[in-house]
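Trainee: I am new to this structure and would like a close look at one part of it. Could you take me through the nonpolar core and the pieces packed around it?

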Amino acid sequence: MRALRASELPPAIDAMLARALTVVSVTSMDTEAAREAAVHLATLSGAGTATGATGATGAKGPAEAPGAARATSPDAVPHAPTTGPAQPTDPPTTVTGPDVDRATELLERGRGLLLSRRMEARADLGELRSAHPELADEFERLTELLAAEHEPVAPGDAERDRLAKLRTSRALDGLVDHVRDRPGFGDFLRPLTADQLRALAADGPVVVLNHARQLCHAVVVSERSITALTLAPEAEEVAGAARRLREAVDVINAQGASRSSPAELVAAGAEVRRTLSWAWHRIVRPVLEHVGAAEPVHGGGSWPRIRWVPTGAFHALPLHAAQCTRPDCDQGGCGAALDTVVSSYVPGFQTLAHARARAERCGLATDGGALLVAAPEEELPGVEAATRYAAGLLGAGEPLIGAAATREAVLAGLGGAAWAHFGCHAASDPAAPSGALLHLPSGESLPVLDICRARPGTARLAFLAACGTARTSERLSDEAIHITGAFLLAGFPTAVGTLWEIDSTHADHVTRDFYGRAVGGAGQGPALALHHSVRALRERIPQRPHIWAAYVHAGA
């Protein structure tokens, strides 16, 4: 055991700050939040209460200030190899205290700047519009300018666009300050406090996985405390695991002339299973042990909830499906996340607060309109039939199938939809965080920003049985603007998506099972319904996790 030094912790937030400062829509408020977060995370080893795995307080290090709290850390753990079993994992260092609270507040404000601006654009402006309609109009105008994207044509266009967005962002900051000066609007768009963050964990912990330049941390927010855990794998190890998983899935899903050989498919399948085992031992189980939810739920027991807020390379890992079922594993503590907790993903605490408020107002009853879109059977076998099955359970009208699913018809239906279902193709743009889109069966595209602008008034749930709807940008992965997240920003409190391309036949099974549980006699909530649907699919094809691990629940 050795004492943590303050110099070991700043890189965790330095990387976040560096990423934040590369975003064109950075604002003074967000920049200051990121800078202040760097200061607070740098003091994690010298403030609050820090304990090692046994709960004993570590010995005071030589650089520790008098009266400061202490931290212990496990010995260095080697990187996981690209092949072979996952490496043994020592218990993580844990740190709690007021500085951790403050750092978490600022981390939430400082990361995901594009996301925060879309959240602000989705803020409930009802009260402001009633009292000061001109300010509400100006707020929406500025946020629309920030969201607009322009292809550079002439030399210098990109720089001019960047400077224009910076001026717009500063104008929006000034407008927010102006609104806060009005009576009754002093808390307009204020960042969440530590107390508010803890309140969001009332039904289960929220875990921020911070991917940095070197060390990685799990910031665990519970109803009673906020704790920072230093994870065993460092940033390079996490990024390598995410890259190998992505490459393995691409090999499995390759079609046509690039179709993989049987030997390549076997190797890729083994890599997926190996990555899930690594994620269980190195990331997921340590977190679940900390929150007291690492043991399987048996029979009719109550399922604990956990929400993951991934950053960086953590976005590519199916944490909800992490498991080690290898009979030759010598590490101990083998198990599966699907057997212990119901997992959900959220881009951040603001999104969770927004989604939960919407869920409380709207509930999840089947009344209200439903928009159902599907590719025809000849394009995606099984998808149209499953969509019609869902429409019957929801009491909806005729789904938009094939050519009927035009961009105009979809946007018109989306505006008044309580339930939205898409069984079609999707694509993400690795070069742009807001470049993801749905390929509608009509041949048209529906960009992520158009989804954000839809603003349905009665939104309850979006089910996205499409390819890669929860895959975020590789260049700006902290921005977390992908298709699944876009439906949360558009006002849907909960959404179901996929991390990568899925087989339409299995999508048919999951769709029918999910709606039967969420809408039928079982009456399960969306998160629990998807959880059991994925467990059922895993039971049918346990050796093909690239299929069942793709499905994720997001939101409230």
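Mentor: Happy to; here is a walk from the whole chain to the core, and then on to some helices and rings.

Please keep in mind that this is a predicted model. The chain holds 18 helices and 18 strands. Of its 556 residues, 57% count as buried. Contacts across long stretches of sequence matter for the picture you will build: among the contacts in the chain with a separation of 6 or more, 75% are between residues 24 or more positions apart.

Now to the core you asked about. The largest nonpolar core has 71 residues, and the ones with the most contacts inside it are L209, I283, V284, W308, L317, F514 and W548. Helix α10, covering residues 262–291, gives the largest share of this core, with 10 residues. A good place to put your finger is V284. Setting aside neighbours within four places in sequence, V284 touches A279, W308, L319, A322 and A337. Apart from this core lies another one, of 31 residues, including L400, L414, C452 and A486. As a general background, nonpolar side chains in soluble globular proteins tend to be buried together.

Let us stay with α10 and look at a helix that packs against it. Two packed helices are described by the angle between their axes and the distance between the axes. For α9, residues 235–253, and α10, the angle is about 145 degrees and the axes are 9 Å apart. The crossing of α9 past α10 is left-handed. On the α9 side, the contact is made by E237, V238, A241, R244, L245, A248, V249, V251 and I252. On the α10 side, the residues are E264, L265, A268, G269, E271, V272, T275, W278 and R282. Sorted by class, this contact has 11 nonpolar, 2 polar and 5 charged residues.

While you are at α9, find G240, which lies in that helix. Is G240 buried or exposed? Its relative accessibility is 5%, and buried means under 20%, so G240 counts as buried. G240 and A313 are 73 residues apart in sequence, yet their C-alpha atoms are 8.6 Å apart in space.

Next come the aromatic rings, where there are 5 aromatic pairs by the rule used here. One of them joins F463 and Y515: the ring centres are 5.4 Å apart and the planes are at 50 degrees, so the pair is tilted. This pair links distant parts of the chain, since F463 sits in strand β16 (residues 461–464) and Y515 in helix α16 (residues 504–518), 52 residues apart. Both partners are inside: F463 is buried with a relative accessible area of 1%, and Y515 is buried with 0%. Ring pairs also link W419, F463, F514 and Y515 into a cluster. You have met F514 already, among the residues with the most contacts inside the largest core.

Helix α16 has another residue for you, V510. V510 is buried, with a relative accessible area of 2%. Leaving out neighbours within four places in sequence, V510 is in contact with L530, S533, L537 and Y551. Its C-alpha atom is 7.3 Å from that of V534, 24 residues away along the chain.

Two further stops will round off the tour. In helix α6, residues 133–147, you will find L142, which is buried at a relative accessible area of 3%. Beyond its neighbours within four places in sequence, L142 is in contact with T168, A171, L172 and L175. The C-alpha atoms of L142 and T168 are 6.4 Å apart, although the two residues are 26 positions apart along the chain. The other stop is V448, in helix α14, which covers residues 448–454. V448 is buried, with a relative accessible area of 0%. Between the C-alpha atoms of V448 and F487 there are 8.5 Å, with 39 residues of separation along the chain.

To go over it once more on your own, start at V284 and its contacts with W308 and L319, among others. Then follow α10 to its packing with α9, and finish at the ring cluster of W419, F463, F514 and Y515.

Key: Residues numbered from 1 in each chain as written. Predicted model: local features only at pLDDT ≥ 70, side-chain atom pairs only at ≥ 80, totals over all residues. Heavy atoms only, no water. Core = buried A, V, L, I, M, F, W, Y, C linked by side-chain atoms within 4.5 Å. Buried < 20%, exposed > 50% of the residue type's maximum accessible area, 1.4 Å probe, protein only. Helix = DSSP H or I, 4+ residues; strand = E, 2+ residues; numbered from the N terminus. Contact = heavy atoms within 4.5 Å. Phe/Tyr/Trp six-rings, centres within 6.5 Å; stacked < 30°, edge-to-face > 60°. Axes fitted to C-alpha atoms, helices over the stretch in contact; angles between N-to-C directions. Left-handed = near helix turned anticlockwise from the far one by under 90°. Nonpolar A, V, L, I, M, F, W, Y, C, P; charged D, E, K, R; others polar.
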